[in-house]
Structures are given as structure tokens and as C-alpha cells.
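User: Could you take a close look at one part of this assembly for me, the place where two of the chains meet? I'd like a plain walk through that one contact surface.

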There are 4 protein chains.
Amino acid sequence: MSHVFEDKKKIISRIRRIKGQLEAVERGLDEGKECFAVLQTLSACRGGLNGLMGELVEGHIKEHVMKNPNQPKSSQDKSALDLIKIMKTYWK
Amino acid sequence: MSHVFEDKKKIISRIRRIKGQLEAVERGLDEGKECFAVLQTLSACRGGLNGLMGELVEGHIKEHVMKNPNQPKSSQDKSALDLIKIMKTYWK
Amino acid sequence: MSHVFEDKKKIISRIRRIKGQLEAVERGLDEGKECFAVLQTLSACRGGLNGLMGELVEGHIKEHVMKNPNQPKSSQDKSALDLIKIMKTYWK
Amino acid sequence: MSHVFEDKKKIISRIRRIKGQLEAVERGLDEGKECFAVLQTLSACRGGLNGLMGELVEGHIKEHVMKNPNQPKSSQDKSALDLIKIMKTYWK
């Protein structure tokens, strides 16, 4: 997963934020926190995870599926960029 | 969030499994693991989180929205059960 | 489904818009239209359908699950409003 | 969208089934049908649309993004197949 190299720090910090939210959910359940607050945190988790998934799938396509992600010229590469656009509507 | 009390152990262990998967994703990125394997783990995470969300929303409805979750008689309670059925198709 | 009565025209016109998009997808496939354009239309369809689902689920909760949707006072009614807020993050 | 050619009939009939369900939703609203039944039909619509989207995205990848979908040998083509596997967990 070399394509995350340059953004690695950012990606890792996103993962840690999601982990932190999961821990808040666990603590909330443990301490009998108000249900709605727990569900909101869990919902934020889910949003964070979807965004992360989208980012990594985009990275996968650019690094591994495309030949020239920086200068897409072949019809395959252009269709891969189209695919990214479509995929993005699923993870926003 | 008293409604999770009886299942609390089970719920907590589900949260920890998801956290463990997130840590595997983090490690995978850190160690340059193969991209597809990392995405599969992240996808499993997302499945786990969706399932957890569904479980807690169902608990919220039964405990806080319904009057008699064990013996639903009012039309409100019955409509709440219908709602749970519809919601479940979103988190399976 | 009396709760849609006042918004019925609006809801019906949303359904028709989605149907129109589906017909555009069908025509696009039939006429060998460019793949990306067809996928974009289908994606718009999906967005429209999710929005509609959210609207009707919210209507269901307000009309059938809550006792006083206009002046929620009981803890059940307040928890139902919380539920709507959580649900909305799933259909936006 | 030549890749749907051989399955075109099947795809078109799926679109028509979804359209038929949407029409049932419209009729249901119009005739004041029971809310839960309408929501179930709408939910089936959404399932059908997700399945269709997955099918067409897979077709897009195989036809336009891959060079040899039938005999994938290049690392790009293999990574595109991995991508399809990941995507499928989103539309099942």
C-alpha cells in the first residue's frame, strides 16, 4: 500500500480519531451515558470510516489500477477516473 | 443506555473486535501491507460498525421509544416494531 | 399513509422524477450511450430514492410512532425525535 | 455501454421491475395504503437499485478499465478485479 506513503500521517491520524470515537462509545455504554449521545458518536464513527474507505479505494485505483494516474491518457485510465467520480458519491 | 445492560458484554466485545480490525488496518498501512488485504479489513470494520449501529438503534427504539416493547399493544408500539423491520434492511 | 397527505403532491413529483431518471437509464442502455453518463444518472436515482425513503420514514415516525409530533412532551416522543436525527445521517 | 449488450435484456427487465415498484409506491401513497407496506416496497426498490448499480459498475470496470477482463494478467487488471470484490460488499 505504497500509495498512502505521502499521506500516511494524515491517514493514520484519521484511523486514530475513529478509534478514539469507538472508545468513547465503549465508555459511554459502560458508564450508562445517554443513548442518543452514544448513537451520535457511533454515527460519526461510521462517517469517518466511510470517508477513510473512499480515500483508500481512490488510492488503490490510482496506484494499482491506473497506469498513469498523473497523466491519464489511455481510455482505461480515463475510465478509471470516471469510476472514482462515481464511487465518491457512495462515501461522502 | 440501560437497554444494553444485559447484552453489554456482547456489545463491548463487538466494539473491541472493530477496534482490533482498525488497529490491523493501521498496522497494515504502517508496514506497507498489500493494499487489497488492508481494504478487506477496512470493509469488515465497516460491516461490523453497521451491525452494531443497527443493534443499538433497535435497542433505542425498544427501550426509549416504545412503551411496552415486550407486549406491544398500542398502535404506536406496533408502528415502532414496523420501523425496526424497515431499519434492519439498512444495516444487514 | 395519511401523513403524506399535505406533501403528497411534492412526494409524488419526487417519485416521478426518479422514474424519469430510471427511464433515462433504460434509454441510455438501449441506445448504447456512454457508460459513465448512464452510471451518473443511476447514481442520481439512488440519491433521490434515499432522500425519499428518509422523508417517508420520518413521516412514519411522526404520524404513527409518536403521540404528539407537534408538541412532543413524553420521553417516548422525545426519543422518537432523537431517532429521526440519527436516521437522517443515513439518508442525506 | 456496450458491455451490457449480452445481458441487456436482463438489465432492462431489472430496471422495469424497479420502475414497477416505484409505481406501486406512487399508487400506495395515492390510495392511502398502509404506511409500512409502502415503506417495504420502497425498501425493495432501493435494494434493486443498489444491485443494478453494482452490476453496471462491475461491467464498467471489466469493459472500460481492464485491458483483458477474460484473461487478466497485468497487475493493473488484477488490481481491478480486487476492486470489484471490494465494491461488491457495498451493493449486496
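Analyst: One bit of groundwork for the axis: copies are superposed by least squares on the C-alpha atoms of residues with pLDDT of at least 70 in both. Keep in mind that this is a predicted model. With that in hand, a rotation of 180 degrees and 0.0 Å of shift along its axis puts chain C on chain B, with an RMSD of 0.0 Å. That is the relation of a two-fold axis. Within chain C, the residue that comes closest to the rotation axis is Val65(C), with its C-alpha at 4.0 Å.

Now for the surface itself. Here 18 residues of chain C are in contact with 18 residues of chain B. The copies meet through the same surface, because 100% of the interface residues of chain C are also interface residues in chain B.

How much area is buried between chain C and chain B? It comes to about 1500 Å², and carbon and sulfur atoms give 70% of that. Val65(C) turns up again here: together with Gln76(C) and Tyr90(C), Val65(C) supplies 35% of the area that chain C buries against chain B, more than any other three residues.

On chain C's side, the elements giving two or more residues are helix H2 (35-65) and helix H3 (75-91). H3(C) gives the most, with 10 residues. Sorted by type, the residues of chain C that touch chain B are 11 nonpolar, five polar and two charged.

As for specific pairings, the rule finds zero salt bridges across the interface of chain C and chain B. Two residue pairs are in polar contact there, both at pLDDT 80 or more.

Methods
Residues are numbered from 1 along each chain as its sequence is written. Chains are lettered from A and ligands numbered from 1 in the order in which they are written. This is a predicted model: local features need pLDDT of at least 70, side-chain atom pairs count only at pLDDT 80 or more; totals for chains, interfaces and linings use all residues. Side-chain values use heavy atoms; hydrogens and water are left out. Contact means heavy atoms within 4.5 Å. Buried area is the accessible area (1.4 Å probe) that two parts lose on being put together, summed over both. A salt bridge is a side-chain nitrogen of Lys or Arg within 4 Å of a carboxyl oxygen of Asp or Glu. A polar contact is a pair of N or O atoms within 3.5 Å; within protein, one must be able to donate a hydrogen and the other to accept it, and residues adjacent in sequence count only if both atoms are side-chain atoms. Helices (H or I, at least four residues) and strands (E, at least two) are DSSP runs, numbered from the N terminus. Ala, Val, Leu, Ile, Met, Phe, Trp, Tyr, Cys and Pro count as nonpolar, Asp, Glu, Lys and Arg as charged, and the others, Gly among them, as polar.
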